[in-house]
Amino acid sequence: MGNLFCCVQVDQSTVAIREQFGKFDEVLEPGCHCLPWFLGKQVAGYLSLRVQQLDVRCETKTKDNVFVTVVASIQYRALAERANDAFYKLSNTRGQIQAYVFDVIRASVPKLLLDDTFEQKNDIAKTVENELEKAMSHYGYEIVQTLIVDIEPDEHVKRAMNEINAAARMRVAATEKAEAEKILQIKRAEGEAESKYLSGLGIARQRQAIVDGLRDSVIGFSENVPGTSAKDVMDMVLVTQYFDTMKEIGAASKSSAVFIPHGPGAVRDVASQIRDGLLQANVH
């Protein structure tokens, strides 16, 4: 209907390319324009000025011979002041951009190791953007932004990388566990040494108290019973302790059996052995 009345409408963020008898005539801005078809003028096409995005998947190989798929996202738009170049000079804009992306990525990534590729993806994106900017500016296009959105190694490589990471973490965990066990054993040994030291002090004090008690008993008995010597009193005390011990062994239901010589002569031998042992302990 617009062509019938020699008028044409151009939408916002769009320009129209007007030709006269097949030759470029003018770029029509958004709005309503007079288009006298009887003078050979017509709209050859429309060109969007909006930012467009192209996602490119490029498979290449790193310096350490790992195949990766690099996903690049290219944001571009046509320049209004050079709309005629953008309309006439390129027949397949997306294909042209994709070819340049392939060329730059396959020239950059093989120079890097796999780990460096992940670390330097911003540098790769910048290189792609610079090359695209120089190439596409001749055709009336502006590269707004270039992003490397993903780097996908081969599935077997990803699994191996995860296993390496897991092994490293397990090694750290094992080291920390061993260090904790070492500290625990040291603390346990220090505790046992302190316990044995205190136990030894207790036993020494107990023996000292026994010796002091026996000494006081012998001295008191000798003073109260004339004619008795310290040896006689000590023999009597040892014999009394001997029979008390035998009584306790017999009274205990779960005590182990102890076989010792029994009889008057044997008691004398036991008393001599105990007395000699105590005397030797006091000497040392």
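This report walks through a predicted model, from its overall make-up to one helix, one serine and a group of aromatic rings.

Some ground rules: residues are numbered from 1 along each chain as its sequence is written. Local features need pLDDT of at least 70, side-chain atom pairs count only at pLDDT 80 or more, and totals for chains, interfaces and linings use all residues, while side-chain values use heavy atoms, with hydrogens and water left out.

**Overall picture**

The protein has seven helices and eight strands; these are DSSP runs numbered from the N terminus (helices are H or I, at least four residues; strands are E, at least two). Of its 284 residues, 26% are buried, where buried means under 20% relative accessible area, exposed over 50% and partly exposed in between (1.4 Å probe, protein chains only). Take the contacts (heavy atoms within 4.5 Å) between residues at least 6 apart in sequence: 63% of them join residues at least 24 apart.

**Helix 4**

How far apart are the end C-alpha atoms of helix 4? They are 22 Å apart, which agrees with the span expected for the 16 residues from 121 to 136 at 1.5 Å a residue (the expected span is 1.5 Å times one less than the number of residues). Ile124, Ala125, Val128, Glu129, Leu132, Ala135 and Met136 are the buried residues of helix 4. They sit on the same side of helix 4, because their arc around the axis is only 135 degrees, taken from the directions from the helix axis to the C-beta atoms. Asn122 and Lys134, on the other side, are exposed. The cover over the buried residues includes strand 7, helix 2 (93-108), helix 3 (114-119) and strand 8 (141-153).

**Ser73**

Strand 7 (residues 67-78) is also where you'll find Ser73. Ser73 counts as buried because its relative accessibility is 3%. Its side chain makes two polar contacts listed here (N or O atoms within 3.5 Å; within protein, one able to donate a hydrogen and the other to accept it, and sequence-adjacent residues counting only if both atoms are side-chain atoms).

| Ser73 side chain with | Distance |
|---|---|
| Gln53 side chain | 3.1 Å |
| Asp55 side chain | 3.1 Å |

Beyond neighbours within four places in sequence, Ser73 is in contact with residues including Leu54, Gln145, Thr146, Leu147 and Val149.

**Aromatic rings**

There are three aromatic pairs (Phe, Tyr or six-membered Trp rings with centres within 6.5 Å; planes under 30 degrees apart are stacked, over 60 edge-to-face, the rest tilted). Phe87 and Tyr88 make an edge-to-face pair, 5.1 Å centre to centre with 85 degrees between the planes. Phe87, at 24% relative accessibility, is partly exposed, and Tyr88 is partly exposed at 37%. Together with Phe24, Phe87 and Tyr88 form one aromatic cluster.
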